[in-house]
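Dear colleague,

I am passing on the structure below, together with notes on what turned up when I went through it. Please read the notes with the coordinates open beside you.

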Amino acid sequence: MARVGIIMGSTSDWETMRHASETLDALGVAHETKVVSAHRTPQRLYEYASGAAARGLQVIVAGAGGAAHLPGMAAAMTHLPVLGVPVESKALKGMDSLLSIVQMPGGIPVGTLAIGKAGAINAGLLAAAILALGDEELSARLQAWRERQTESVAVDPA
């Protein structure tokens with residue numbers, strides 16, 4: 001059963017959000033991926049977010065570009081942690097997405113990550129870290145992943 005839900009505003013966001021999915025795959029975290037547009041499919045968003053906990057999800061990762069209302073609207077409809085990934089936009093290189101996600105009013109938190117691929121990877125890692133608080137096996141896998149990352153860094157530049 002999926003523990004993390006990865007949602008995005010459009011299929012074009014998959015190029016960024018696939019990195020969150022790949023990260024969770026590497027850590028053995030069951031997850032689902034859906035296209036849920038805050039503006040074009042508001043009923044789908046309502047059903048997804050309001051029913052997420054009942055379906056067994058524990059964390060939602062929401063990626064969106066432009067006006068980027070998806071993470072905040074999802075957070076308004078669930079008590080689950082929501083992690084927002086700003087997807088790079090053509091017009092403003094993702095700054096519009098970042099500001100739309102990070103400037104949530106007090107009372108409706110969205111953990112906001114970096115713009116683009118790095119943010120999607122880190123959202124997957126952060127979702128896993130949240131779940132690992134109550135899952136020793138996942139905690140060990142996450143620690144091993146971090147150790148492999150550390151070991152992969154060269155000592156010498158050449």
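I begin with H39, which sits in the loop that runs between β2 (31-35) and α2 (42-51). The model is a predicted one, and everything that follows should be read with that in mind. H39 has a relative accessibility of 52% and therefore counts as exposed, the cut-off for that class being over 50%. When residues up to four places away in sequence are left out, H39 touches A67 and H69. The residue between those two in number, A68, is 29 residues from H39 in sequence, and the C-alpha atoms of H39 and A68 are 9.5 Å apart in space.

A68 deserves a look of its own. It belongs to the loop between β3 (59-64) and α3 (70-76), and at 4% relative accessibility A68 counts as buried. Its phi is positive, at about 50°, although A68 is not a glycine. As background, most residues other than glycine have a negative phi. A second residue of this kind is K93, with a positive phi of about 55° although K93, too, is not a glycine. K93 is found in the loop between β4 and α4, and with 55% relative accessibility it counts as exposed, whereas A68 is buried.

The loop that holds K93 also holds L92, and its borders are β4 (82-86) and α4 (95-102). L92 is part of a nonpolar patch on the surface, which it forms with M95, L99 and V102, and the accessible area of these residues together is about 360 Å².

Turning to helix α1, which spans residues 14-26, I would first point to its packing against helix α5 (residues 117-132), where the two helices meet at an angle of about 35° and their axes are 7 Å apart. The crossing of α1 and α5 is right-handed. On the α1 side the contact is made by T16, M17, H19, A20, T23 and L24, and on the α5 side by K117, A120, I121, G124, L125 and A128.

Which residues does H19 contact, once its neighbours within four places in sequence are left aside? They are K117, A120 and I121, each of which appears among the α5 residues that make the helix contact. H19 lies in helix α1 and is buried, with a relative accessible area of 9%.

S21 is likewise placed in helix α1 and is buried, its relative accessible area being 8%. Leaving aside neighbours within four places in sequence, S21 is in contact with I6, W14, H31 and T33.

The charged side chains of α1 come next. E15 and R18 meet in a salt bridge, with 3.3 Å from N to O, and both residues lie in helix α1, three residues apart, which is about one turn of the helix. R18 also meets E22 in a salt bridge, here with 2.8 Å from N to O, and this pair too lies in helix α1, four residues apart, again about one turn of the helix. E15, R18 and E22 are thus linked in a network of salt bridges. As for their surroundings, R18 counts as partly exposed at 24% relative accessibility, and E22 counts as partly exposed at 38%.

How many salt bridges are there in the model? The count comes to four, and one of them joins R3 and D135, whose closest N and O atoms are 2.8 Å apart. This pair links distant parts of the chain, since R3 is in the segment before β1 (4-8) and D135 is in the loop between α5 and α6 (136-151), 132 residues apart. R3 counts as partly exposed, with a relative accessibility of 21%, because partly exposed covers the range between under 20% and over 50%.

If you have time for two places, I would suggest the contact between α1 and α5 and the loop with A68.

With best regards

Note on methods. Residues are numbered from 1 along each chain as its sequence is written. This is a predicted model: local features need pLDDT of at least 70, side-chain atom pairs count only at pLDDT 80 or more; totals for chains, interfaces and linings use all residues. Side-chain values use heavy atoms; hydrogens and water are left out. Patches are made of residues with over 30% relative accessible area and no salt bridge: like charges are joined within 9 Å, nonpolar side chains (Val, Leu, Ile, Met, Phe, Trp, Tyr) within 5 Å. Accessible areas come from the Shrake-Rupley method with a 1.4 Å probe; for residues, only the protein chains shown count as cover. Buried means under 20% relative accessible area, exposed over 50%, partly exposed in between (1.4 Å probe, protein chains only). Contact means heavy atoms within 4.5 Å. Axes are lines fitted to C-alpha atoms, for helices over the stretch in contact, and angles run from 0 to 180 degrees between N-to-C directions. A crossing is left-handed if the near helix is turned anticlockwise from the far one by less than a right angle, and right-handed if clockwise.
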